[in-house]
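Here are my notes on the two-chain model you sent round. Have the structure open while you read, and shout if anything looks off.

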Amino acid sequence: MTALLTVSGLSKRFRGLKAVSNVSFSVPEGRILALIGPNGAGKTTTFNLIAGVFPADEGTVTLKGTRLGGLKPNQICAAGIGRTFQIVKPFGALTVEENVVVGALARERSVAVARAQARAVLERLELADQAARPARSLTLPDRKRLEVARALATRPTLLLLDEVLAGLRPTEVDRMVEVLRDLNRREGLTILMIEHVMRAVMALSDQVVVLDHGEKIADGTPAEVVADPRVVESYLGAEEA
Amino acid sequence: MTGRGIVLLVLAGLLLAVAPLVGDRYVVSVLTTVLWFAYVGQAWNVMMGFSGLLSLGHALYVGLGAYVSAALFVHYGIGPWAGMLLAMLVSVAVGTFIGFLGFRFGVKGVHFSLLTIAFAEVARIGFDHIQWLGGSGGLFLPVEAGVSDPLNLRGSPTLFYYVILALVLGALALSRVLLHSRLGYQWLAVREDPEAAEAVGVDLFRARMTAVAVSSALTALGGVFQAFYFNNLFPEQVFSMGRSIEIILPAIVGGIGTLIGPILGAFILTPLGEGLTFLIEAGGLDLPGLKQLFYGVALVTIVVFRPEGVWPWLARRLRLVRQPGEEA
């Protein structure tokens, strides 16, 4: 199994605080990997390092054998990584469809073609009936869906999802899990997701990486990871308390 | 737009087309002023309205366009139709230089606006000392009464009226095409959320630089018009902070980021100023500053009650544009 994304020895400090420390893992092509851990574990920082928001102090990120170091976020997108934001960032004054059109224009020069692609993606994310509404008028679950739709429209080979299930009701979680599973199974989309909803992590992911205080403390199948005493102590146990 | 909106737009266009035939000199001169502000307002709107870049120094591009074309005409006899190309080029060069400084070195938001003011002020003071361009004493274009020479933009007020009307319609068409293009979508995305725009593949630097280039080029044409219409240029006036503010008012009042907003805004503001002058004179209340006081109060009232601009509200009320969710 070839690795699509390889993160190797990644470190990042913010004014002396070690946000991410020597983290390595790889995401195999066509799989779903979940990144879990308590708040402040360095998950979103890891995402931002992969997405080129800021440079790493040490370590490398490679996509299909190509080093991504030094690239800007738009170049990372062009390389094939789509991302969502934990705190959703819709283009508020634009309609839902226009939001997704902007995503589709990443790989498409014609606005008409991009619009057709956007409509297909909206259909997929069950947002088609909201297409003409201003994005700022959407409910939170729909905004989360819009984040995924916009990232998906850039036609990524790897999709980074930052807590897209947080704040959703159980039925909505199930619907989103279905959509993501479908994208993965049918189109072979590789997904790297930060997630707190353990039910979804167990249902979706092939592999789980656990971070704590910026360091990787476990890496394995969902079953292996939830049985790991260190994971139970630092994360799962804390959640039950 | 709805059918009703298109009908109204065509009617307004026709009315403007025949205005010089039915109106007197005063009407033509007021309408020329209105259209000039509508034009530069549209040009400014490309930066602020489409791309979220607040320029408070747009008089700079008016001045550069005016001085470059006037100097070519006065010193070398080169007419404005050729001169405007160099005028636009110089304006774009300066605009993109400011943009380069701002966007490469992360000068954002308010600080970018300060940068635009700084350059306009440097030009205002600097041009005072360029004797070749008349310095603070002003640069004057030769005026010959009764000459009609459209190729050199010399002629009657009616000629100028139609030139500025064509510029407004041209800028409106260009803005519309740009807004519906790939670049236009990327501008709007950058305006709404730069970080999210970058994440979906938008090159922020490039998007912002093209907005500055388009806006400064269009504004320079407004300067060329101004030079040949008024036939005199003073750095104190053309580059002034007050002029920069006058340029942004039509879009703010009409609706920032909309296509019709800057035009409607100009049609509200200039007649408002003229009307106040008339009323104050008729009332015999010739106190200095009184007009500015009323003008300011009227502006504040509009902005307080229609913060998104008059056009979006009017378009909704009169159903001139299709509302979100409505079918074609």
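1. In chain A, 48% of the 241 residues count as buried. Buried here means 20 or more other C-beta atoms within 10 Å of the residue's own, exposed means 12 or fewer, and partly exposed is in between, with C-beta atoms placed from the backbone. Keep in mind that this is a predicted model: local features need pLDDT of at least 70, side-chain atom pairs count only at pLDDT 80 or more, and totals for chains, interfaces and linings use all residues. Residues are numbered from 1 along each chain as its sequence is written, while chains are lettered from A and ligands numbered from 1 in the order in which they are written.

2. On overall build, chain A has 9 helices and 10 strands. These are DSSP runs numbered from the N terminus: H or I over at least four residues for a helix, E over at least two for a strand. The C-alpha atoms of chain A fill a box of roughly 50 × 40 × 40 Å along the principal axes. Its radius of gyration is 17 Å, which agrees with the value near 18 Å for a compact globule of 241 residues. That radius is taken over C-alpha atoms, and the globule rule is 2.2 Å times the number of residues to the power 0.38. Of the contacts in chain A between residues at least 6 apart in sequence, 64% join residues at least 24 apart; a contact means C-beta atoms, placed from the backbone, within 7 Å.

3. Now look at strand β7 of chain A, residues 158–162, where 5 of 5 residues are buried. A:Leu158, A:Leu160 and A:Asp162 point one way and A:Leu159 and A:Leu161 the other, all of them buried. So an Asp sits among the buried residues of β7(A) along with the leucines.

4. Which strands pair with β7(A)? Strand β6 of chain A (residues 81–83) runs parallel to β7(A), joined by 3 bridges, with A:Arg83 opposite A:Leu160. Strand β8 of chain A (residues 190–194) is also parallel to β7(A), over 5 bridges, and there A:Thr190 is the bridge partner of A:Leu158. Pairing requires at least two DSSP bridges between the strands.

5. The link from β7(A) to β8(A) is worth a look too: with helix α6 of chain A (residues 170–187), the two strands make a right-handed β-α-β unit. Right-handed means that, with the strands pointing away from the viewer, the path from the first strand over the helix to the second runs clockwise.

6. Chain A also has an open sheet of 4 strands in the order β2-β1-β4-β5, with antiparallel pairing. Its edge strands are β2 (17–28) and β5 (66–67), each pairing on one side only. Strand β1 of chain A (residues 3–14) pairs with β2(A) over 8 bridges, in the antiparallel sense, and A:Phe14 stands opposite A:Leu17.

7. Helix α1 of chain A (residues 43–51) has 9 of its 9 residues buried. Among them are A:Lys43, A:Thr44, A:Thr45 and A:Thr46. After α1(A) comes A:Gly52, with a positive phi near 80°.

8. Moving to chain B, there are 14 helices and 2 strands. The radius of gyration of chain B is 20 Å, close to the 20 Å from the globule rule for 328 residues, so chain B is as compact as a globular protein of that length. Buried residues make up 45% of chain B.

9. The unreviewed UniProt entry lists "transmembrane region" for residues 33–53, 60–78, 84–103, 159–179, 247–273 and 293–314 of chain B. UniProt positions are in the numbering used here, feature names are shortened, and annotations may be inferred rather than shown by experiment. In the model, residues 84–103 of chain B are 100% helix, with end C-alpha atoms 27 Å apart. Residues 159–179 of chain B are also 100% helix, with ends 30 Å apart.

10. How many residues does each chain bring to the contact? Chain B gives 19 and chain A gives 27. On the chain B side, α7 (182–192) and α8 (194–199) are the elements giving two or more residues, and α7(B) has the largest share, 6 residues.

How values were computed: Contact = placed C-beta atoms within 7 Å.
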